[in-house]
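Student: Please take a close look at one loop in this model for me, and then carry on into the parts of the structure that follow from it. I would like one connected account, with the reasoning spelled out where a residue is called buried or exposed.

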Amino acid sequence: MTSALSYAVWALLGLALLAVWFRSYAPGSSVARPGVLLERMATGPFLRIALVLAWGWMGWHLFAR
Amino acid sequence: MDSSSSASRAASTVLTRPSVPRAALVVVLAVYALLAATTTAFTASANIVTALPIVAMVVLVLVLWPLRARPLRLGPDAGHPWRAWVIVFSAVVAWELVEYAARGSRADHPTFSSMLDAVNRFYGLKALVFFLWLYLGAAIVRRGGRRQRRARRRAEA
């Protein structure tokens, strides 16, 4: 029962992410496209460091450890 | 056929057709991901195939990114372009923390990484996840240095 609830919330979050993703490509959308979002993060003085660290940590955590 | 429709078709062809360097990059990343997916976590080989892209990322960032960051700024009429992303990512992080801290087994309270661990048991899916991780890294490097490259091109013109 608890795992069903957990997976349901994960599924909802995944759908929300996809909805924002598709919305960003709609003509005249006020939502930034994923590439623009990534560019903003990769050009921020502190965000870019956090972004690179998070990317490296994610790979290490998922594939090596 | 009027000129505006042919021009827009040509523009869309340019936009949709991947450039040769990008196609080559995708092939290289795919081959590397297929190789990396053969390794098992907690082994030296897995450590090496994961460490190599991380080292490459650090080197590329140091070489290609400007020393002083110049954050991307959108015009005042852009509204709140980041808000929806911030809300969704905040919700994902909050739920990840709730699941991580919850009492009970990981099967009852799956985290993002425990779900990906399950996915990584299948060779093809692991190769796909590894490829996406590598592609994201390449996109980060490219986006971080893009404005500097544009400025350099403008100065040369």
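**A loop residue and the contacts between the chains**

Tutor: B:F42 sits in the loop that links α2 (20-36) to α3 (44-64) in chain B. Please keep in mind throughout that this is a predicted model. The backbone of B:F42 deserves attention, since its phi is near 70°, a positive value in a residue that is not glycine. For most residues other than glycine, phi is negative. The side of the question that concerns solvent is settled by accessibility: B:F42 has a relative accessibility of 61%, and because exposed means over 50%, B:F42 counts as exposed.

From this loop we can step back to the chain that contains it. Chain B is built from 6 helices and 0 strands, so that its elements, read along the sequence, give the pattern α-α-α-α-α-α. Of its 157 residues, 27% count as buried.

The helix that follows the loop, α3 of chain B, also includes B:L64. B:L64 has a relative accessible area of 36% and is therefore partly exposed. B:L64 also belongs to a nonpolar surface patch of about 630 Å², to which B:V55, B:V58, B:V59, B:L60, B:L62 and B:V63 contribute as well. As background to reading such a list of positions, an α-helix has 3.6 residues a turn, so residues three or four places apart point the same way.

The interior can be set beside that patch. The largest nonpolar core holds 24 residues, among which B:M57, B:W65, B:F130, B:W133 and B:I140 touch the most other members. Two or more residues of this core come from each of α2 and α3 in chain A and α2, α3 and α6 in chain B, and the element that gives the most is α6(B), with 8 residues. There is also a second, separate core of 6 residues, which includes A:V31, A:L37, B:W85 and B:V88.

A:L37 leads us to α2 of chain A, where A:P34, A:G35, A:L37, A:L38, A:E39, A:A42 and A:T43 are buried. Because 7 of the 10 residues of α2(A) are buried, this helix is largely enclosed by the rest of the structure. In terms of the predictor's confidence, chain A has a mean pLDDT of 94, with 98% of its residues at 70 or more; among its elements, α2(A) has the lowest mean, 93, and α3(A) the highest, 96. In α3 of chain A we find A:W60, which is partly exposed at 33% relative accessibility. A:W60 and A:A42 are separated by 18 residues in sequence and by 20 Å in space, C-alpha to C-alpha.

The charged pairs bring the chains together in this account. Side chains of opposite charge can pair when their charged atoms come close. Over all chains, the structure holds 2 salt bridges. In one of them, the side chains of B:R143 and A:E39 meet at 3.1 Å, N to O. That pair crosses between chains, from helix α6 (residues 123-156) of chain B, which holds B:R143, to helix α2 (residues 34-43) of chain A, which holds A:E39. B:R143 is buried because its relative accessible area is 14%, and A:E39 is buried because its relative accessibility is 5%.

A further salt bridge joins the side chains of A:R65 and B:D117, again at 3.1 Å from N to O. This pair also crosses between chains, with A:R65 in the segment after α3 (47-64) of chain A and B:D117 in helix α5 of chain B. The accessibility of A:R65 is 32%, so this residue is partly exposed, and B:D117 counts as partly exposed because its value is 25%.

Helix α5 of chain B, which spans residues 112-119, contains B:S114 too. A polar atom of the B:S114 side chain lies 2.9 Å from the backbone nitrogen of B:T111. With a relative accessibility of 19%, B:S114 counts as buried, because the cut-off for that class is under 20%. To return to the starting point, the loop residue B:F42 is instead exposed, at 61%.

Methods: Residues are numbered from 1 along each chain as its sequence is written. Chains are lettered from A and ligands numbered from 1 in the order in which they are written. This is a predicted model: local features need pLDDT of at least 70, side-chain atom pairs count only at pLDDT 80 or more; totals for chains, interfaces and linings use all residues. Side-chain values use heavy atoms; hydrogens and water are left out. Helices (H or I, at least four residues) and strands (E, at least two) are DSSP runs, numbered from the N terminus. Buried means under 20% relative accessible area, exposed over 50%, partly exposed in between (1.4 Å probe, protein chains only). A polar contact is a pair of N or O atoms within 3.5 Å; within protein, one must be able to donate a hydrogen and the other to accept it, and residues adjacent in sequence count only if both atoms are side-chain atoms. A salt bridge is a side-chain nitrogen of Lys or Arg within 4 Å of a carboxyl oxygen of Asp or Glu. pLDDT is the predictor's confidence in each residue, from 0 to 100. A nonpolar core is a set of buried Ala, Val, Leu, Ile, Met, Phe, Trp, Tyr and Cys residues joined through side-chain atoms within 4.5 Å. Patches are made of residues with over 30% relative accessible area and no salt bridge: like charges are joined within 9 Å, nonpolar side chains (Val, Leu, Ile, Met, Phe, Trp, Tyr) within 5 Å. Accessible areas come from the Shrake-Rupley method with a 1.4 Å probe; for residues, only the protein chains shown count as cover.
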